[in-house]
Amino acid sequence: MAGYKPVAIQTYPILGEKITQDTLYWNNYKTPVQIKEFGAVSKVDFSPQPPYNYAVTASSRIHIYGRYSQESIKTFSRFKDTAYCATFRQDGRLIVAGSEDGGVQLFDISGRAPLRQFEGHTKAVHTVDFTADKYHVVSGADDYTVKLWDIPNSKEVLTFKEHSDYVRCGCASKLNPDLFITGSYDHTVKMFDARTSESVLSVEHGQPVESVLLFPSGGLLVSAGGRYVKVCDMLKGGQLLVSLKNHHKTVTCLCLSSSGQRLLSGSLDRKVKVYSTTSYKVVHSFDYAASILSLALAHEDETIVVGMTNGILSVKHRKSEAKKESLPRRRRPAYRTFIKGKNYMKQRDDILINRPAKKHLELYDRDLKHFRISKALDRVLDPTCTIKTPEITVSIIKELNRRGVLANALAGRDEKEISHVLNFLIRNLSQPRFAPVLINAAEIIIDIYLPVIGQSPVVDKKFLLLQGLVEKEIDYQRELLETLGMMDMLFATMRRKEGTSVLENTSDGFPENKKIES
Amino acid sequence: MVEEDSIRVVRCGGSELNFRRAVFSADSKYIFCVSGDFVKVYSTVTEECVHILHGHRNLVTGIQLNPNNHLQLYSCSLDGTIKLWDYIDGILIKTFIVGCKLHALFTLAQAEDSVFVIVNKEKPDIFQLVSVKLPKSSSQEVEAKELSFVLDYINQSPKCIAFGNEGVYVAAVREFYLSVYFFKKKTTSRFTLSSSRNKKHAKNNFTCVACHPTEDCIASGHMDGKIRLWRNFYDDKKYTYTCLHWHHDMVMDLAFSVTGTSLLSGGRESVLVEWRDATEKNKEFLPRLGATIEHISVSPAGDLFCTSHSDNKIIIIHRNLEASAVIQGLVKDRSIFTGLMIDPRTKALVLNGKPGHLQFYSLQSDKQLYNLDIIQQEYINDYGLIQIELTKAAFGCFGNWLATVEQRQEKETELELQMKLWMYNKKTQGFILNTKINMPHEDCITALCFCNAEKSEQPTLVTASKDGYFKVWILTDDSDIYKKAVGWTCDFVGSYHKYQATNCCFSEDGSLLAVSFEEIVTIWDSVTWELKCTFCQRAGKIRHLCFGRLTCSKYLLGATENGILCCWNLLSCALEWNAKLNVRVMEPDPNSENIAAISQSSVGSDLFVFKPSEPRPLYIQKGISREEVQWGVFVPRDVPESFTSEAYQWLNRSQFYFLTKSQSLLTFSTKSPEEKLTPTSKQLLAEESLPTTPFYFILGKHRQQQDEKLNETLENELVQLPLTENIPAISELLHTPAHVLPSASFLCSMFVNSLLLSKETKSAKEIPEDVDMEEEKESEDSDEENDFTEKVQDTSNTGLGEDIIHQLSKSEEKELRKFRKIDYGWIAAL
């Protein structure tokens, strides 16, 4: 026969943001650490190698920070003017940076003075990157040119003059040492091949391009410019896959999560949005205090670093999961107890008897199943339950009322137990979603305990509190009705069409509950 | 069906199974239960109905195994007869005519040639237990008038009589008395509960009694839930009793196990309690049986119990208290709120079932298909509790959606209302809860309807409520990147001067919505939700509302409480016609323009079938039922009939079923009483409406060829040759399962003989007459329906000149039929 059916716990829709696995994941960071830099933080870059230090480019300095320290491990300050785009090499041992005066400088991570200086750009170099073979550097400058440099002999290898405006962003392919892309203020993203002297692909973005990004596979190109983030398929000749317009202001930086499943974009509207790379829907968003210029994620998304226009660097670390381990683990039955008899193969003449899986019942359900009504009510009136999940308490009260035993369950309580009930009523009586059930319970309590009133000062005080609450609620409802009446009158004068009706939120007058006479 | 008899009202299936205790066969393979005028034989293993024993002309009130031959069964009925059956073959052996209404039947192994029955003699309330001597005679019908009086002033119910200790005494209870009659001494002792006489509100009335099979011990159940075990009752003074108390409500039935070691009891709690060794401590429970236990019986072999429940269900329970099989009829325990509906997918009848469930009931096989748990909460069966009731349900979008409304109202102000929307899942072949809406309205929902237009792109549901609003709910996309989901949301709320909305209805194409607000009908455009026009007749509140269909879709019909039926033309926005008719039920036929209306008068209910285009009804049937008809529904036919007569054309495409206040499900049939309404296994075997299996095609082809050949021979030789189908021997041969036929060599000569042309000259018309008769006779014993008009068909063979060949074939046919009957016995025993 059918088993016991557990009590249906009334669920109420949660207003506001939906809780999804993404919100859980992206909210699982500690409170941000704020580091003040000297100027706007234009670039943050993580070293791809442990210990995953990160280089922060702000004003004329480059700071290298370790994972946990708030003080910089190292500082490169040999720039005459503003430095741009300090980027680690794949092995994490070299850093290249551009500068306002048109120079490109290469640093050893352990040294202080530049190893190489590439001279050739006439205007500010805003983007530099290492190619996949580690021996070349790509740079783009405000003189509309893109140059490829050879590291060993610090010579210029190639120059591309195809852009017609400032080149402000770029990135080299991680797979092919000869391919790199650049984005420019002439609204285009171009892909260059070092083996030819011309661009191999040009993609129209429609806005001045602020940031570009290649997917690890090199197949998809993400460009940000204006309010748009656009994703193009490189293998289809740059065909636009999707255009995202989720920011209110210019999108300044892009970043992929370590799994490649999520794309992050930072914008001047002080928001970072997280997109799913399968559906390109926004799954989460972060708020920051100032306009965002740069954004980087550490290995395994352990750290989010955001640089802002006011020179503040915000560093968020993921919450460590070690805490859960620290709880003393109860000794569990051995593995073999669980698989006991489970791996037995059915023989030919055996008769298989399936036993239905035992359904897990909550403790209050177990009590209700055995008709221990007072115990079930005690269980849900426990403070941990009433505060955390008042809907369970209300559902049990409702169920007891449905079974016609609420009065029995509420009767025969001592001072402490009845004050538990009254505390719960005082806390939740005025909530509209619980009111119908709790008013009924309050009436029953008053009926039961009216003869013994005056014997306990604690309970009397609670009753008075409840009375005050009810009176306040009645006043409140009356006021609301008055307001509603006024609004009705206004609507009636404004209504033009006859016949169609407007839905008004008719809130019932609170049932008169003035029985409390203590 | 070309032949057209008059349309009659017939009861279709769903009769009570729980009227009396079920009886097990000696080997526990079968279980018998009374069901209206029939006795049904079920297999305890497969839950299938093996035989239906019909022959009684009134309610069957008792069945018992023949103690002298456990392959035979006695049954008694209100028609005053006791019949003896061979239940394995389903054959009536003998009929004993007693002549007065028999209310219960008991048999005793010790009293070999007599049985005990309960009769009432003079006053309507006074019943007697009498013993009837069954005379030994070879004839089929025997008069048994030899009654000897045993006990007087007893209760009508057989639960209040028990024979004990191998027939030494009989115990009977009524109100506060327990009387024991000793057969040897021929004396009666009467025991009274001491407290009952003086106390005014004593609730310890006796409700049932059972006797220990071997010891002198009587168990009695009481109204207050106690079970008393009486011992030592040979002495009027020194008798003792002990009390067993677990039930908190009336004990409905008691039964001792075969050995007498344990006592079974049941009641409203729907828990079967097994008391071991008659002690209070040693008890076992089988809880949650679903509904009040009405009867408990024990198999003679002792391995099975069974409980009959108030929701028309028999549960067969193994000795170790594990339910092993459920025989479920149409649940009729509770009032029907949802009305009758047809599930568009399964064509099953859908209505309220057991508490909190919708039942899907197959009209074809007279069997419950399944229960859908709507409320999904533990059901506490207790007197005076206000339960959550399933009040409304509707199917939409060709069975893809089901909307249900449940409510519970304790006081005037405290209303709990919930609307649930269920989606049909093709994978699991069932409905899955999709959306749950708490308090969709502030007050009770009065009507619920889906927009069932074929072209509608978005499923739409309208609810009308007493709070003065109607709400339009639409299906919206609720999916995000994690999952695909759909859900229902409110799209529009409409009202008309704060009147209570009482009915709602979509037009056939879904373009218009009609909502009635008390006396006023409003028409809304379903695209813009604008009020288009209003109709008001000031003739009382609108009770029913429906649009015409097909060619009559420009008409809107409304029936009011003051007994006026109005028809409005939607094109001219004017009243087309009205008629004075106190309409209780108004149902449109989904397959035609016809609308059936059932009106209620002091005499009974009348049926009117009409088209909205003209006020003159197509068909009127007066007095379809003496009671009030509550619900009706048109069920589309699988195969359309072709009635040529104008009066019956409304039954061509659909069949009309209706439910009366006492919850009997009735329908209209034109078939002659001999033919069964619902095809059972037998008819399926014998009728031509064979399922189109590959075998059928082979057989059909074969027959066609035969027909053609015959036609050829007819033309060529101008000799009247009987068609193969009309020769009973052949049809028997073809319709009998191959595995039960005798060897081919045995049949061959018979078969060939039947095909031979007779040398005798015979008139052509004689043959079909004879054949007709054969068929009549054959269908008579498979007849199951309950004929209200009680047409007694004389089917006895009148002396007609029959030629030799057909005599021959008839005897052969009998032989074959015997084979067929034997076949049922052993197949079911498998």
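This report describes selected parts of chains A and B in a predicted model.

**Repeats recorded for the two chains**

For chain A, UniProt places the feature "repeat: WD" at residues 36-75, 78-117, 120-159, 162-202, 204-245, 246-285 and 287-326. For chain B, an unreviewed UniProt entry places the feature "repeat: WD" at residues 53-95. The table sets out computed values for some of these spans.

| Span | Helix | Strand | Separation of end C-alpha atoms |
|---|---|---|---|
| Residues 78-117 of chain A | 0% | 52% | 12 Å |
| Residues 162-202 of chain A | 0% | 54% | 10 Å |
| Residues 53-95 of chain B | 0% | 67% | 13 Å |

**A valine in strand 14 of chain A**

V167(A) belongs to strand 14 of chain A, which covers residues 167-172, and UniProt places a "repeat: WD" feature at residues 162-202 of chain A. Is V167(A) buried or exposed? Its relative accessible area is 0%, and because buried means under 20%, V167(A) counts as buried. When residues up to four places away in sequence are not counted, V167(A) touches H126(A), T127(A), G140(A), A141(A), D142(A), Y144(A), T145(A), V146(A), T182(A), G183(A) and S184(A). Along the chain, V167(A) and H121(A) are 46 residues apart, while their C-alpha atoms are separated by 12 Å.

**Two helices of chain A that pack together**

Helix 7 of chain A, made of residues 390-402, packs with helix 10 of chain A, made of residues 435-449, at an angle of about 60°, and the axes of the two helices are 10 Å apart. How should such an arrangement be described? An angle of 65 to 115 degrees would count as roughly perpendicular and one under 35 degrees as roughly parallel, so helix 7 of chain A and helix 10 of chain A, at about 60°, are oblique to each other. The crossing of helix 7 of chain A and helix 10 of chain A is left-handed. On the side of helix 7 of chain A, the residues that meet the partner are V394(A), I397(A), K398(A) and N401(A), and in helix 10 of chain A they are V437(A), L438(A), N440(A) and A441(A). Sorted by class, this contact has five nonpolar residues, two polar residues and one charged residue.

**Chain B as a whole**

Chain B has 58 strands and six helices. Of the 830 residues in chain B, 53% are buried. Among the contacts in chain B between residues at least 6 apart in sequence, 46% join residues at least 24 apart.

Notes
Residues are numbered from 1 along each chain as its sequence is written. Chains are lettered from A and ligands numbered from 1 in the order in which they are written. This is a predicted model: local features need pLDDT of at least 70, side-chain atom pairs count only at pLDDT 80 or more; totals for chains, interfaces and linings use all residues. Side-chain values use heavy atoms; hydrogens and water are left out. Axes are lines fitted to C-alpha atoms, for helices over the stretch in contact, and angles run from 0 to 180 degrees between N-to-C directions. Helices (H or I, at least four residues) and strands (E, at least two) are DSSP runs, numbered from the N terminus. Angles under 35 degrees count as roughly parallel, over 145 as roughly antiparallel, 65 to 115 as roughly perpendicular and the rest as oblique. A crossing is left-handed if the near helix is turned anticlockwise from the far one by less than a right angle, and right-handed if clockwise. Contact means heavy atoms within 4.5 Å. Ala, Val, Leu, Ile, Met, Phe, Trp, Tyr, Cys and Pro count as nonpolar, Asp, Glu, Lys and Arg as charged, and the others, Gly among them, as polar. UniProt positions are given in the numbering used here, feature names are shortened, and annotations may be inferred rather than shown by experiment. Buried means under 20% relative accessible area, exposed over 50%, partly exposed in between (1.4 Å probe, protein chains only).
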